[in-house]
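Visitor: I'd like to learn how to read metal sites and hidden spaces in a protein model. Could you walk me through one?

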Amino acid sequence: MRTRAAVLRERNTPWSVEEIELDPPKAGEVLVKLAASGLCHSDEHVVTGDLAGVTPEPPMVGGHEGAGVVVEVGDGVGWLSPGDHVVFGFVPACGRCEWCTIGRSNLCNNGAAFPTGRQIGDGTARHHTLDGHDLGLMCLLGTFAEHTVVNESSCVKIEQNWPLEKACLMGCGVVTGWGSAVYAAGVKPGEYVAVVGAGGIGVNAIQGARHAGARAIAAIDPVEFKRDKAKVFGATHTYASIGAALEGMGDATWGRGYDKVIMTMGVGDGQALGEAFWLGGKAAKIVVTNIHPTAEQSIQISGAMLTLLEKQVIGSLFGSGNIRRDIPRLMELYTQGQLDLDDLITKTYTLDEVNDGYEAMRNGEKIRGVILFD
Ligand SMILES: NC(=O)c1ccc[n+]([C@@H]2O[C@H](COP(=O)([O-])OP(=O)(O)OC[C@H]3O[C@@H](n4cnc5c(N)ncnc54)[C@H](O)[C@@H]3O)[C@@H](O)[C@H]2O)c1
Ligand SMILES: [Zn+2]
Ligand SMILES: [Zn+2]
């Protein structure tokens with residue numbers, strides 16, 4: 001069939017919205033009509049090359065934060081039927097590999113296919129340009145498209161009455177941010193938490209920290225609009241820079257330093273991480289959720305203080321969560337009014353406006369932009 005998709009033809013060029021050829025789903029695969037796709041910063045890293053080596057080379061279809069309706073299933077997909085509503089996990093969860101079986105599906109072995117962007121089942125492409133090139137898929141998904149074909153392990157079935165334009169955010173941003181606080185940082189009641197970067201991921205880390213009972217939550221972001229939004233999600237203190245947060249730390253934490261520091265800047269940076277390291281008090285956990293450019297090879301952390309104050313620096317992928325537990329759980333919290341998804345979406349776009357959405361991200365104008373499909 002023919003469908004339309006935002007294709008990265010070459011790095012550092014705008015997304016090209018074009019017709020593409022889409023093959024039917026093979027065994028273990030699912031054809032989905034997208035309803036909505038969030039605009040996460042990670043697709044911007046693909047454009048700039050900051051994720052080179054771990055994402056497909058152009059040409060590739062962007063987008064990894066999607067939700068939609070199943071149109072057709074391939075052989076052997078017994079648990080999904082046409083008409084089912086699904087959210088995609090940006091990391092697949094096969095349910096059978098070592099990591100899935102120990103409850104760490106965010107590290108599923110199927111993620112090994114990420115750099116190729118080809119189908120997990122047989123390593124070939126279902127998506128092709130009209131001029132005959134195979135297309136890679138961001139996170140094996142390619143949600144900047146009216147239709148896509150993905151492996152069943154990327155799908156999470158959700159209730160029909162959950163709004164797909166909100167549910168799409170579960171496919172990356174919400175679970176990543178919330179889980180960075182609740183699972184990776186393991187925020188406990190009464191703790192002091194600092195979140196560096198109050199974008200789509202950061203504000204979810206803030207609401208995760210609030211759920212977990214943090215006593216004070218500092219949001220650090222150079223953009224005033226982000227700091228104002230951070231307060232809506234539960235920030236108790238806001239600062240324009242890590243330096244300003246360090247100055248205010250004595251008052252904000254009764255001189256203890258932050259128990260948990262969560263890094264959610266647009267582009268990770270070894271020097272900024274070294275500075276944020278000082279926000280952590282004794283036995284602090286510093287969670288690195290933002291993505292550093294793959295070419296960066298150094299982070300400037302005081303090794304002495306790592307030991308003497310028993311600090312920990314840890315990475316977190318997809319909020320260290322489990323999509324088949326966390327996506328339904330967080331959607332239930334949303335329907336009960338305990339989780340804020342409404343304030344996450346600053347603006348919606350058509351597929352043709354995808355570049356406007358990323359321009360707004362670069363200008364600091366939104367928390368999340370979402371593409372809505374017809
Ligand atoms: N680990 C994962 O599983 C995972 C998943 C999704 C996204 N990410 C990464 O998380 C990061 C954030 O993504 P996002 O979609 O929220 O991006 P975003 O652009 O919406 O938000 C980033 C925020 O960081 C702020 N910022 C920039 N420089 C800063 C600085 N020096 N100090 C403080 N704040 C600063 C920006 O103003 C912006 O508000 C990206 O690197 C993205 O690739 C990681
Ligand atoms: Zn993402
Ligand atoms: Zn697995």
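Guide: Sure. One term to begin with: a residue is called buried when its relative accessible area is under 20%. Keep in mind that this is a predicted model.

Visitor: Then let's try that on a metal site. Which atoms are the protein donors of the zinc ion (ligand 3)?

Guide: Four sulfurs: the SG atoms of Cys94, Cys97, Cys100 and Cys108, lying 2.3 to 2.4 Å from the zinc. Along the chain, these donors follow the spacing C-x2-C-x2-C-x7-C. Cys94 sits in the loop between strand S6 (85-88) and helix H2 (98-101), while Cys108 is in the loop between H2 and strand S7 (127-129), so the two are 14 residues apart.

Visitor: And is Cys108 buried or exposed?

Guide: Buried, because its relative accessibility is 4%, and the cut-off is 20%.

Visitor: What is the geometry of the site of the zinc ion (ligand 3)?

Guide: Look at the angles among the four donor atoms: they run from 105 to 115°, and the site is tetrahedral.

Visitor: Which residues are the protein donors of the zinc ion (ligand 2)?

Guide: Here you have Cys40 (SG), His64 (NE2) and Cys172 (SG), at 2.0 to 2.3 Å from the ion. Their spacing reads C-x23-H-x107-C. His64 lies in the loop between strands S4 (60-61) and S5 (66-73), and Cys172 in the loop between helices H3 (164-167) and H4 (173-184), so this pair ties together parts 108 residues apart in sequence.

Visitor: Why do His64 and Cys172 count as buried?

Guide: Same reasoning as before. His64 counts as buried because its relative accessibility is 1%, and Cys172 because its value is 4%.

Visitor: Now the hidden spaces. How does one find them?

Guide: You roll a probe the size of a water molecule over the atoms, and that shows where empty space is left. In this model, searching the whole structure turns up two cavities of 30 Å³ or more.

Visitor: What is the volume of the largest cavity, and which residues line it?

Guide: The volume is about 40 Å³. Its lining is made of Val91, Ser105, Asn106, Val175, Phe318, Gly321, Asn322 and Ile323. Sorted by class, that gives four nonpolar, four polar and no charged residues.

Visitor: And which residues line the second largest cavity?

Guide: Arg118, Gln119, Ile120, Leu137, Leu140 and Asn151, around a volume of about 30 Å³. By class, this lining has three nonpolar, two polar and one charged.

Terms used:
Residues numbered from 1 in each chain as written. Chains lettered and ligands numbered in written order. Predicted model: local features only at pLDDT ≥ 70, side-chain atom pairs only at ≥ 80, totals over all residues. Heavy atoms only, no water. 1 Å grid on protein atoms, 1.4 Å probe; cavity = no way out; pocket = protein on both sides within 12 Å on 5 of 7 lines; lining within 4 Å. Points joined across faces, edges and corners; volume = space filled by probe spheres on them. Nonpolar A, V, L, I, M, F, W, Y, C, P; charged D, E, K, R; others polar. Donors = N, O, S within 2.8 Å, 3.2 Å for Na, K, Ca; no water. Tetrahedral: all angles 85-135°; square planar, octahedral: opposite > 155°, others 65-115°. Helix = DSSP H or I, 4+ residues; strand = E, 2+ residues; numbered from the N terminus. Buried < 20%, exposed > 50% of the residue type's maximum accessible area, 1.4 Å probe, protein only.
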